[in-house]
Amino acid sequence: MKCKTGAHGRGEFECMREGRKVTRCAASVLEDINKNCLDEFRRHWNCLENNNQQLWQCRKHEWKLNGCVFDKLKLEKKIPDAPANETPVHLRKRQIYSHNEPGVIT
């Protein structure tokens, strides 16, 4: 998308080459996760499936998956344009949304 935007609608072949590189990279990461962190990935996936894809309900499983990925694959999660002075949402110990009473932060 960024490639096409930067080329102002031209350069489809260059963007296709870049897209293939991105696809190979993503496939490689998924393969590495399957080899090294499959149990953590499955727990997180099952949590999401059982909780209607509500991310906030599965943060504990996400933290364990992230820890495995960060430790074994040496990857890092960075959210683009996130404020530098705030804790990223995936690292917050207290979530804004929960099943508790309205207005109660857990």
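This is a short tour of one structure, stop by stop, to follow in your viewer.

The model is predicted: local features need pLDDT of at least 70, side-chain atom pairs count only at pLDDT 80 or more, and totals for chains, interfaces and linings use all residues. Residues are numbered from 1 along each chain as its sequence is written, and side-chain values use heavy atoms, with hydrogens and water left out.

**Stop 1: helix H4**

Select residues 59-73, which form helix H4; helices here are DSSP runs (H or I, at least four residues), numbered from the N terminus. Now pick Asn 66 within H4. Is Asn 66 buried or exposed? Asn 66 is buried, with a relative accessible area of 12% (buried is under 20%, exposed over 50%, partly exposed in between, with a 1.4 Å probe and protein chains only). Show its surroundings: setting aside neighbours within four places in sequence, Asn 66 contacts Lys 77 and His 90 (contact means heavy atoms within 4.5 Å).

**Stop 2: the core**

Next, select Ile 33, Cys 37, Leu 65, Cys 68, Val 69 and Leu 73, the six residues of the largest nonpolar core. Such a core is a set of buried Ala, Val, Leu, Ile, Met, Phe, Trp, Tyr and Cys residues joined through side-chain atoms within 4.5 Å. H4 gives the most to this core, with four residues.

**Stop 3: H2 against H4**

Add helix H2, residues 12-36. H2 and H4 pack at an angle of about 100°, with their axes 11 Å apart; axes are lines fitted to C-alpha atoms, for helices over the stretch in contact, and angles run from 0 to 180 degrees between N-to-C directions. The two helices are therefore roughly perpendicular (65 to 115 degrees). Colour Asp 32, Ile 33 and Asn 36 in H2, which meet Cys 68, Val 69, Lys 72 and Leu 73 in H4.

**Stop 4: salt bridges**

There are four salt bridges to find, each a side-chain nitrogen of Lys or Arg within 4 Å of a carboxyl oxygen of Asp or Glu. Start with Lys 35 and Glu 31, whose closest N and O atoms are 3.3 Å apart. This pair sits four residues apart in H2, so about one helical turn separates the partners. Lys 35 is exposed at 61%, while Glu 31 is partly exposed at 44%.

Then go to Glu 62 and Lys 77, with closest N and O atoms 2.8 Å apart. This pair links distant parts of the chain: Glu 62 lies in H4 and Lys 77 in the segment after H4, 15 residues apart. Glu 62 is buried at 6% relative accessible area, and Lys 77 is partly exposed at 35%. Add Arg 59 to your selection: salt bridges that share partners join Arg 59, Glu 62 and Lys 77 into one network.

Key
Parallel < 35°, antiparallel > 145°, perpendicular 65-115°, else oblique.
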